[in-house]
Amino acid sequence: MIEILSYPFMQRALIAALLTGLIAPAIGTYVVQRRLSLLGDGLGHVALAGVGLALLTGTAPIPIAVVACIAGAVVVEILRQRGKASGDVGLAAGVFLSGISGVGAAGLTQYLFGSLTTVTPNDLTLIALLAVVILVITLGLAPQLYAVSTDEEFARTQGLRVRLYHITVVSLAAVTVALAMRTVGLLLVSALMVVPVAAARNLVRGFTSGLGCAIAIGVATAVGGAAASFYINAAPGAFIVLLAIGFFVLSWPLSYLVRRRRAAAVLPELVDDDELVAAHMVTESHPHRHAPGCGHPAVQHGDHTDFIHEGHRHAAHADHYDEH
């Protein structure tokens, strides 16, 4: 790791990867919640048109792509509501404009698949500033954005401006896509927005925990992928996404174990105490003595403690156990 940090271009690459790993799952959580997992692909094509315009005018690609993406995000949102969203026009425009500029389609490759090691100091400054804005909004307005993304009708009854928050989400997603084109590329950024969120949902329960876990996975895969690609001489963007997919694959079997543990630790009260007493079965002999620290989960039940054993709750009463 010390060897990597001795190269200025890798220092910038790792910081850019870290910032991308933070913001992509942060906004991706709301995108997935709204069932717009393909939004990143559509916005990627819009950003490509911005890159083509930047190449044509000889300006910096990232600022132009950000502006183009934000402007296009509102249109994409309107088209999505009407069921007519498509990114083909943006892709064609990007190739056309880059062709006019004399760069050609080959010049778009670094933006389609990422070019993490070519991030300049100016690029990094812009990425850092916009990343702070994205994190402040996604974390600071988390309750409002979650309410709007989950249940629009309920959000309206609470006085929330649903349309404004929807535009905020797609605009932040647009900025994220434009910034990530230098790290993972426009064709892969959608995966970095969605896959860590899906992996987090397999491991934790609840919105806040899921958001934190998704960001942690995003940071681990982005920084780990960028560092590992340096040693194995692989494309950083593709390796980062592959690492994220690996996390998801590992989280799948773990989710089964997590669900079983949750089910054993908390058993819902399906009947009242009188009915529960009637359902008790007395276990006269028992090979195991339940006590705190005995290895079986303890559940508080009224004025006593039950212990989960072989799918049942055992309550110690005098010289026997009640089983229910």
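Patches are made of residues with over 30% relative accessible area and no salt bridge, with like charges joined within 9 Å and nonpolar side chains (Val, Leu, Ile, Met, Phe, Trp, Tyr) within 5 Å. Accessible areas come from the Shrake-Rupley method with a 1.4 Å probe, and for residues only the protein chains shown count as cover. This is a predicted model, in which local features need pLDDT of at least 70, side-chain atom pairs count only at pLDDT 80 or more, and totals for chains, interfaces and linings use all residues. Residues are numbered from 1 along each chain as its sequence is written, and side-chain values use heavy atoms, with hydrogens and water left out.

**View 1. A nonpolar surface patch formed by L242, I245 and V249.** The patch covers about 270 Å². V249 belongs to helix α13 (residues 236–265). Helices (H or I, at least four residues) and strands (E, at least two) are DSSP runs, numbered from the N terminus. V249 is partly exposed, at a relative accessible area of 47%. Buried means under 20% relative accessible area, exposed over 50%, and partly exposed in between (1.4 Å probe, protein chains only).

**View 2. The salt bridges of helix α9 (residues 152–157).** A salt bridge is a side-chain nitrogen of Lys or Arg within 4 Å of a carboxyl oxygen of Asp or Glu. The structure holds two. One joins R156 to E152, at 3.8 Å from N to O. These residues are four apart in α9, so about one helical turn separates them. R156 is partly exposed at 44% relative accessibility. E152 is also partly exposed, at 32%. E153 forms a salt bridge with R156 too, with 3.3 Å between the closest N and O atoms. E153 and R156 are three residues apart in α9, about one turn of the helix. E153 counts as exposed, at 53% relative accessibility. Shared partners link E152, E153 and R156 into one network of salt bridges.

**View 3. Helix α3 (residues 39–57) and the residue that follows.** The helix has 19 residues, and its end C-alpha atoms lie 27 Å apart. That agrees with the 27 Å expected at 1.5 Å a residue, because the expected span is 1.5 Å times one less than the number of residues. Of the 19 residues of α3, 14 are buried, so the helix is largely enclosed by the rest of the structure. Just after α3, G58 takes a positive phi of about 75 degrees.

**View 4. The surroundings of E77 in helix α4 (residues 61–81).** E77 is buried, at 4% relative accessibility. Contact means heavy atoms within 4.5 Å. Leaving aside neighbours within four places in sequence, E77 contacts R34, H166 and V170. E77 and R163 are 86 residues apart in sequence, with 9.9 Å between their C-alpha atoms.

**View 5. Q33 in helix α2 (residues 8–33).** At 19% relative accessibility, Q33 is buried. Beyond neighbours within four places in sequence, Q33 contacts Y146, S149, T150 and R201.

**View 6. Confidence along the chain.** pLDDT is the predictor's confidence in each residue, from 0 to 100. The chain averages 76, and 69% of the residues score at least 70. Helix α7 (residues 121–140) has the highest mean, 92, and helix α14 (residues 273–278) the lowest, 45. Over residues 268–281 the pLDDT is below 50, and this stretch has 16 contacts in the model beyond near neighbours in sequence. Where pLDDT is low, the predicted coordinates should not be read in detail.
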